[in-house]
Amino acid sequence: MIRKEMIAMLLAGGQGSRLGVLTSKLAKPAVPFGGKYKIIDFPLSNCINSGIDTVGVLTQYQPLRLNRHIGIGIPWDLDRNIGGVTVLPPYETSNNSEWYTGTANAVYQNYEYMEYYNPEYVLILSGDHIYKMDYEVMLEYHKQKNADITIATIQVPMEDAKRYGIVITDKTERIVDFEEKPEQPRSNKASMGIYIFKWKVLKEALSSMSKQTACDFGKHIIPYCFKSGKRIYSYSYNGYWKDVGTLESYWKANMELIDLVPEFNLYEEFWKIYTKSDIIPPQYISSDAKVARSIVGEGTEVRGTVYNSVIGVGVIIEEGCEIRDSIIMSHTVIKKGSKINKAIIAENCTIGEQVEIGFLEEIDNLVAPHIYNSGLATIGEFSVIPDKVKIGKNIAISGITEPDDYVNGVLESGETLIKAGEK
């Protein structure tokens, strides 16, 4: 048995269904962000920057590319003989073969991994948030309070509080009540889904709640510990933190990177964000191109106009193109004369010549208005858009489409075009 002061359990198995076609074949933590990174790079970088060198990554939904991205942890200096990063998918035992059914259930199924390191503390993290946090500072706070559990919290607008787990604290920051997504919240202090547990407290709680269906930290473990009289404290976080679980929040978080004074700074020397990078040539901006207030990835060729956009790695933007307020992910080709406005275009897409995206009158999406909204046009990975078609707002497209898929050359706002089974 190896002794570690604190290990991290990083929950990265979520489907991310609110991201629509972006996650139809991709785990949410593996979705690109900021032109260069994956969402999971942020908690992984926080771990190594905080001195945490033992991280278990719990995967489940569409894990292939996420596993490939993590590898043995070299980009984050987590390729260690003792500790490092370990991918922990569901597995079959002699008397159990179930999937992870909840956040706490996933951690419970990896009890032996945690017990092997015999930590004093266990840090529970989500793999789908954008933020920078020094977990070592949070651990010192946890020790000072002699807490059994410390929950990282952030102030949210009161009108948004019902979307979160809400805590009520006394003057010492000890939590005196906890409400999971309350209809009428009594506080706007929201749980960030980041917890530090004393290992002995976590062991007891997981064992006691092991028969609970879809056992979850926010719904079951924290309330159980609260009722058991455990010392639970709130750790107030005042920095940048974004849950990019919806297309609108994902788009906004990317656009905030290119503000004149970005609230979230990717360029800080003292707190770097690490990622797996391919060896590719530098970007090329032609003499006729215009690029303003944008992030442009390595290996990208720009021969058109790009304004207020985030462009990934290896993208080709041909002559006469105009890209505005959009996210174009890696290895996508935008052909001559196409105009794209407020769109999210996933990796490895081909947009034909003289295509117009995002310019028609805005109409609610007819199939999934709760997903495809805010005037965004969303195109899934490996999609193909034929020449000279017009595509509206609040739309979703996935697959290899053909001219016959567009009535009179148009996909009206609010429509959904999914070519099942195609890449």
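## Strand β6 and its surroundings

From strand β6, Tyr121, Leu123 and Leu125 point one way while Val122, Ile124 and Ser126 point the other way, and all of these residues are buried. This description, like everything that follows, comes from a predicted model. The alternation fits a general pattern, since in a regular strand the side chains alternate between the two faces of the sheet. The strand is mostly covered, with six of its six residues counted as buried.

Strands of a sheet pair through backbone hydrogen bonds, in either a parallel or an antiparallel sense. The table sets out three pairings found in this model, each with one pair of bridge partners.

| Strands | Sense | Bridges | One pair of partners |
|---|---|---|---|
| β1 and β6 | parallel | six | Met9 and Ile124 |
| β6 and β11 | antiparallel | four | Leu123 and Ile196 |
| β25 and β28 | parallel | three | Ile345 and Ile379 |

Helix α6, which covers residues 199-208, has the buried residues Trp199, Val201, Leu202, Ala205 and Leu206. Seen down the axis of α6, these buried residues fall within an arc of 155°, so they line one face of the helix. The buried residues of α6 pack against several elements, among them the strands β6 (121-126) and β11 (189-198) and the helix α7 (217-227).

The strands β25 and β28 belong to an open sheet of seven strands, whose order is β16-β19-β22-β25-β28-β31-β33 and whose pairing is parallel. At its edges lie β16 (295-296) and β33 (416-418), each of which pairs on one side only.

How values were computed:
Residues numbered from 1 in each chain as written. Predicted model: local features only at pLDDT ≥ 70, side-chain atom pairs only at ≥ 80, totals over all residues. Heavy atoms only, no water. Buried < 20%, exposed > 50% of the residue type's maximum accessible area, 1.4 Å probe, protein only. Helix = DSSP H or I, 4+ residues; strand = E, 2+ residues; numbered from the N terminus. Arc of directions from axis to C-beta. Contact = heavy atoms within 4.5 Å. Pairing = 2+ DSSP bridges.
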